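Student: I have a structure to read and would like some guidance. Where do we begin?

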2 protein chains.
Amino acid sequence: MYPSSPTYGDDAEPDPDPLEPSPARSRRARTDEVILQATRELLAQGGVGALTVEGVAARAGVAKTTIYRRWRGREELALAVLIDMVERVVVAPDLGDTRKELVSFVDAAVKVIGSTLMGRVMQGLVSELPGDPALARAFRERVVAKRHAELRRLVERGTSRGDLRPGIDVELANELLFGPVYYRLLLSGAPLDAGLATRVVDAVYPALATRGPSVTAGDDRIGRG
Amino acid sequence: MYPSSPTYGDDAEPDPDPLEPSPARSRRARTDEVILQATRELLAQGGVGALTVEGVAARAGVAKTTIYRRWRGREELALAVLIDMVERVVVAPDLGDTRKELVSFVDAAVKVIGSTLMGRVMQGLVSELPGDPALARAFRERVVAKRHAELRRLVERGTSRGDLRPGIDVELANELLFGPVYYRLLLSGAPLDAGLATRVVDAVYPALATRGPSVTAGDDRIGRG
DNA sequence: AAGAAGCGATACGGATCGTAGCGAAGAGAT
DNA sequence: ATCTCTTCGCTACGATCCGTATCGCTTCTT
């Protein structure tokens, strides 16, 4: 249902060494990986809602206490998987053209959110944030802020190119670009289809760009077809 | 923490008749209200996460079974409160100016989401949607679609005024306008401050409007200050 | 007054939670 | 090979909440 994607490994160990018997990866690191893998599998089946510490323990062949020695509960466990995924996501490459970079950036997010565990896990964690400040802090610093920082780099590149006007509020730009994506994921349930990124960027770009023909004269507005 | 707002009543019975002894409101309707009121109070304290059917029953002075005879669980109970709030929200009035209407429309949402139970309840329900199709359907038809329909009216008004170009994709416009708001509520945790609506509308408006001076020549772009 | 509907109370079995205590097994050092 | 420290498995709890079944009383309706 959530097929593994090229951007990160959903299966066993993506490291180059397939099975270095024992001492290379310490004992602790090995059980870590077994637990996280079981967590991924259960998350793929039923999302965060169906995730239980006892279920993970059973699936991983591990004692429940072993899990509680590492994480505070199922939310942190899911977050650990999410962070692991986020850190494997590739950065936005320099394409020479700022608009193309923006589309590519948003589109990558649309794809990863709509077709991997990431979307499902985020969906399941959102409700836990207000009641768990530590979880919320970790989630925001290690997941949300990641994309924000990446966008900042992209914007600075576009500004130095002369494509984007200086002094852009990156936070607002981030919300404008990704708000619609998460709106679909979390609220409306509308499909995260292929054209979404282009349409969002087309709509927002005039507010970011220095004035130019592609903005004021073009037809990149919100319409059908 | 979540003060009652003018747009809907957080307290007992907002109906004109304060206390018509018994037969006016049927027995069933009365216990309904007692339960919903207890639900509101508990939601205000700890959100959906801290809401339990047993807690509501105790607070309402009602048997647990009585609640299960009406709703399927705590999620539906919270949704009932949410729907009740949504239906009391006033519609977007005709202000003569489309941009002003948009700002007013988004700003009303920002206020209600940031300072009433509505935001907190939505935050708590989001994670339950993927695992409960019936709940998701009700949530989308009776909460999400509500704003969408209202925006449609607003857009049609603006189009017939000549402010907005014809053929606007209302769904995308809705996502562009409210995506950033929910992004703050659900993900980033950034404050839902007063200027947000204006800045979002200013950024998106060029994509909606017929070409004109306020779009191509103005300074309504994304910047600081 | 009589039937119907609504409600309270109690009692369950079940799933998870999160913690405690103890003994066994792995891993590195001498 | 033995010793020592870390890590882990196992079992056993008390606790909360779930959702359901049953039964008898109270309140409406006619």
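**Reading the DNA surface and the side-chain pairs**

Tutor: Start with the DNA. This is a predicted model. Of the atoms of DNA strand D within 4 Å of the protein, 53% belong to sugar or phosphate, and the rest belong to bases.

Student: Which residues are the closest to DNA strand D?

Tutor: Thr31(A), Thr66(A), Arg70(A), Lys64(B) and Tyr68(B), out of 18 residues that surround the strand. By type, the residues of this surface divide into 8 charged, 6 polar and 4 nonpolar.

Student: Which helices supply at least two residues each to the surface near DNA strand D?

Tutor: From chain A, α1 (27–46) and α3 (64–68). From chain B, α1 (27–46), α2 (53–60) and α3 (64–68).

Student: What do the polar side-chain atoms of Thr65(A) and Arg69(A) lie close to?

Tutor: Bases. For Thr65(A), the partner is a base nitrogen of DNA strand D at 3.0 Å. For Arg69(A), the partner is a base oxygen of the strand, also at 3.0 Å. Thr66(A) meets the backbone: an N or O atom in its side chain is 2.4 Å from a phosphate oxygen.

Student: Now salt bridges. What is the general idea?

Tutor: Side chains of opposite charge can pair when their charged atoms come close. Here there are 41 salt bridges over all chains. One of them joins Arg157(A) and Glu101(A), with the closest N and O atoms 2.8 Å apart. Arg157(A) is in helix α7 and Glu101(A) in helix α5 of chain A, so the pair links parts 56 residues apart.

Student: Are Arg157(A) and Glu101(A) buried or exposed?

Tutor: Arg157(A) is partly exposed, at 22% relative accessibility. Glu101(A) is buried, at 2%.

Student: How far apart in helix α5 of chain A are Asp107(A) and Lys111(A)?

Tutor: They are 4 residues apart, so about one helical turn separates them. Their salt bridge has its closest N and O atoms 2.4 Å apart. Asp107(A) is buried, with a relative accessible area of 15%, while Lys111(A) is exposed at 51%.

Student: And the aromatic rings?

Tutor: Look at centre distance and plane angle. The structure holds 4 aromatic pairs over all chains. Phe105(B) and Phe178(B) form one that is edge-to-face, with centres 5.4 Å apart and 85° between the planes. Phe105(B) lies in helix α5 and Phe178(B) in helix α8 of chain B, so the pair ties together parts 73 residues apart in sequence. Both residues are buried.

Student: What sits over the ring of Phe178(B)?

Tutor: The charged end of Arg147(B), 5.2 Å from the ring centre. In chain A, Arg147(A) lies over the face of Phe178(A), at 5.2 Å from the ring centre.

Note on methods:
Residues numbered from 1 in each chain as written. Chains lettered and ligands numbered in written order. Predicted model: local features only at pLDDT ≥ 70, side-chain atom pairs only at ≥ 80, totals over all residues. Heavy atoms only, no water. Phe/Tyr/Trp six-rings, centres within 6.5 Å; stacked < 30°, edge-to-face > 60°. Buried < 20%, exposed > 50% of the residue type's maximum accessible area, 1.4 Å probe, protein only. Lys NZ or Arg CZ within 6 Å of the ring centre and 35° of its normal. Near = heavy atom within 4 Å. Polar contact = N/O pair within 3.5 Å; in protein donor to acceptor, adjacent residues only side chain to side chain. Nonpolar A, V, L, I, M, F, W, Y, C, P; charged D, E, K, R; others polar. Salt bridge = Lys/Arg side-chain N within 4 Å of Asp/Glu carboxyl O.
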